[in-house]
Amino acid sequence: MASSTPNITVEPPSSAIETPQPITSSDANLILVPSHSRWFSWDSIHECEIRNIPESSKNPRVYKYYRNSIVKFFRFNPNRKITFTDVRKIIVGDVGSIRRVFDFLEAWGLINYHPSSSLSKPLKWEDKDAKSDAASNSTESPSLVPANEAKRICSVCMDCFACDKNNRKLCARCFIRGNYRIGMSNTKFKRVEISEETKNEWTEEETLNLLEAITNFGDDWKRVSHQVVGRTDKECVARFLELPFGDQLKPPVDAEWESEIVGSGKSSKRMCLTPLNDAINPIMAQAAFLSALAGTEVAQAAAQAALTSLSIVYKSTRINYRSFPRNTLQQDASVASDGGNASDSIQGSLLRANLQLEKEESDVEKDIYEVIDVQMKNIQDKLINFEDLDVLMEKERQQLEQTKSLFFLDQLNLLFRKTSAPTTGEGNHVKSN
Amino acid sequence: MKTPVSAFYRNPVKFRMPTSENLVPIRLDIEIDGHRYKDAFTWNPSDPDSEVVVFAKRTVRDLKLPPPFVTQIAQSIQSQLAEFRSYDGQDMYAGEKIVPIKLDLRVNHTLVKDQFLWDLNNFDSDPEEFARTFCRDMGIEDPEVGPAIAFAIREQLYEIVVQSVVSARESRLSKKGRRGADFFPVSKGGAVAVDLVKLFGIKSSVVRKRKEWDVYEPIVDLLSNEEVDILEAKEERNFR
């Protein structure tokens, strides 16, 4: 169950405008701001600030200075929790106003907001409450805001207890007084420590980690929980049981599980408030709780049925958690051998299709090359043509020049003859010979 | 045109801090079982009294002090507030009062020495704003210096103002019949009112004489660890 209050990540305060981005919880440069505080901006004062803090309207500039200094100071190192005293030592102003601004910012999650800690995951029930409250008086009182995230609040009188049925939470006082809804009884409640939380989603990494730890340490759940960072031993056991294992992996565990159900079922039934919850062995605790709910015989039958069906599921999905990525080839081979022909033919046709595709691609390429070649040749021939033409032209020009010069000579001769003709008539005769 | 000096005198004003916000400087120095807690901050006297206990508890929790500190801190704050409030309603003479304010403080590794004039009649003055601007202009990186400067200014202003109330009371007792406007009280202690006429009469300009520039220039020093240790030892000795 992931947290249902979405978080908005915000860039560190270099820019005046914040752009919401998808959630990445492990990035050191991103600051997380709860969604009910998304109105926050460095340069302006929002309505809810004006409503809650008198200073913001009386002296907006100074208020902004206080607020921005506090937020900057927190975001400088967002992993720690800043105290009011830290802040008032560095801000110039009267401590009363600073305290009010600090409390306001803390209540709205703009400072000291650490959503990755397990304390901040609310239950679905609380979310519905908080959402409907939020809808009705949206940004009104910051006292509702803590109910949204960090603490587990009793639905009746706002304190902490837990019941798994209907996800209702009651405080110790209400429980004793019998303040629960009609239809629910004493036995249906389970005592939960305030530090315990609802199940977070197990990431693949964590699951792998868990399995490694189990193969290393076996039943020593304390060490397993140490290896799997952030999970208590109970959570590890719970997760381990959820995983689709067959008989192959941990036969001793299964046998223990069954026998413990039988053994503890009787004893736990007697004690309605499940004191076995505190048992050191977390398997015992889980088993005790579940069997208390269901009854011994039912629990036994259920366990056996679950185991058999789980082993079937395991075989059919062919998942083997023991294998590390390097060993998958082996597994694949063995898997393929008893898998049958269906997958082979599929593989084969896939390959053939691929090959054909490639062939066609190469054909197309070849054709394109040929086309290009032809074009190139075309251009070359044209070029040669032009060159020849050029040469011809040159020749003709030269001939033209020659005839021009001959012509000129002829003209000259004619002129001489003309000038010399009237003086000597014989010249003509001589010439005409 | 030379304006007569008497025109600057005003009728007595009701007691208040001569700043835009009527805030009180609170100083704490408590020792219990070998734990010593020293602090100085500014308080708004119009905050409800419940705020005092809240603040004391918060401080003890944040600084992880032993629990007996809560009552001691609350008591100390209450008594200083009560003293402040006791002056309420009394008259103080405004007069023409430009007083010198001196800064001589050390916060962690930063040493600040400065001297400047402050107009007591300017009820819009703001020591906090002055401190912020000072730190910004002088490029002071340690964020704890600002509040210390604002506190030092306020403390001195508070002293001066209290003096003026006291002397006004005395003068009223001793010199009945005299009109307040004619009386020019000389405050005892460090802050001697500067004679404006002498400084800013027709002949002289508003700009300070060059030889006085060094006196009025702010000095900000960064100390090394050894120097800090030496100074701390000296302060301890003075305290004891």
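Of the 240 residues of chain B in this predicted model, 40% count as buried, where buried means under 20% relative accessible area, exposed over 50% and partly exposed in between, with a 1.4 Å probe and protein chains only. Chain A has 433 residues, of which 32% count as buried. Before I go on, a word on conventions: residues are numbered from 1 along each chain as its sequence is written, and chains are lettered from A and ligands numbered from 1 in the order in which they are written. Since the model is predicted, local features need pLDDT of at least 70, side-chain atom pairs count only at pLDDT 80 or more, and totals for chains, interfaces and linings use all residues, while side-chain values use heavy atoms, with hydrogens and water left out.

Staying with chain B, there are seven helices and seven strands, both taken as DSSP runs numbered from the N terminus, with H or I over at least four residues for a helix and E over at least two for a strand. Read from the N terminus on, the order of these elements is β-β-β-α-α-β-β-β-α-α-α-α-β-α. Among contacts in chain B between residues at least 6 apart in sequence, 69% join residues at least 24 apart, a contact being heavy atoms within 4.5 Å; the corresponding share in chain A is 57%.

Let me turn to helix 1 of chain B, residues 50-63, which has 14 residues and reaches 20 Å from its first C-alpha to its last, close to the 20 Å expected at 1.5 Å a residue, that expectation being 1.5 Å times one less than the number of residues. Its buried residues include B:Val52, B:Phe55, B:Arg58 and B:Asp62. What do the buried residues of this helix pack against? In chain A they pack against helix 4 (84-90) and helix 5 (95-107), and in chain B against strand 3 (35-43) and helix 2 (68-86). Just after the helix, B:Lys64 takes a positive phi of about 55°.

Two further residues of chain B deserve a look for their phi values. Most residues other than glycine have a negative phi. B:Asp33, in the loop between strand 2 and strand 3, nevertheless has a phi near 55°, and B:Asp33 is exposed, with a relative accessible area of 73%. B:Asn108, in the loop between strand 5 and strand 6, has a phi near 50° and is partly exposed, with a relative accessible area of 36%.

Finally, the second largest pocket has a volume of about 1300 Å³. A pocket here is found on a 1 Å grid over the protein atoms alone, as an open set of points where a 1.4 Å probe fits, with protein on both sides within 12 Å along at least five of seven lines, and lining residues have an atom within 4 Å of a point. The pocket is lined by 41 residues, of which B:Arg27, B:Lys38, B:Ala40, B:Arg106 and B:Val107 lie nearest its centre. Among the elements that each supply at least two lining residues are helix 4 and helix 5 of chain A and strand 3 of chain B, the elements named earlier as packing partners of helix 1 of chain B. How do the lining residues divide by character? They come to 20 nonpolar, five polar and 16 charged, with Ala, Val, Leu, Ile, Met, Phe, Trp, Tyr, Cys and Pro taken as nonpolar, Asp, Glu, Lys and Arg as charged, and the others, Gly among them, as polar.

Key. Points joined across faces, edges and corners; volume = space filled by probe spheres on them.
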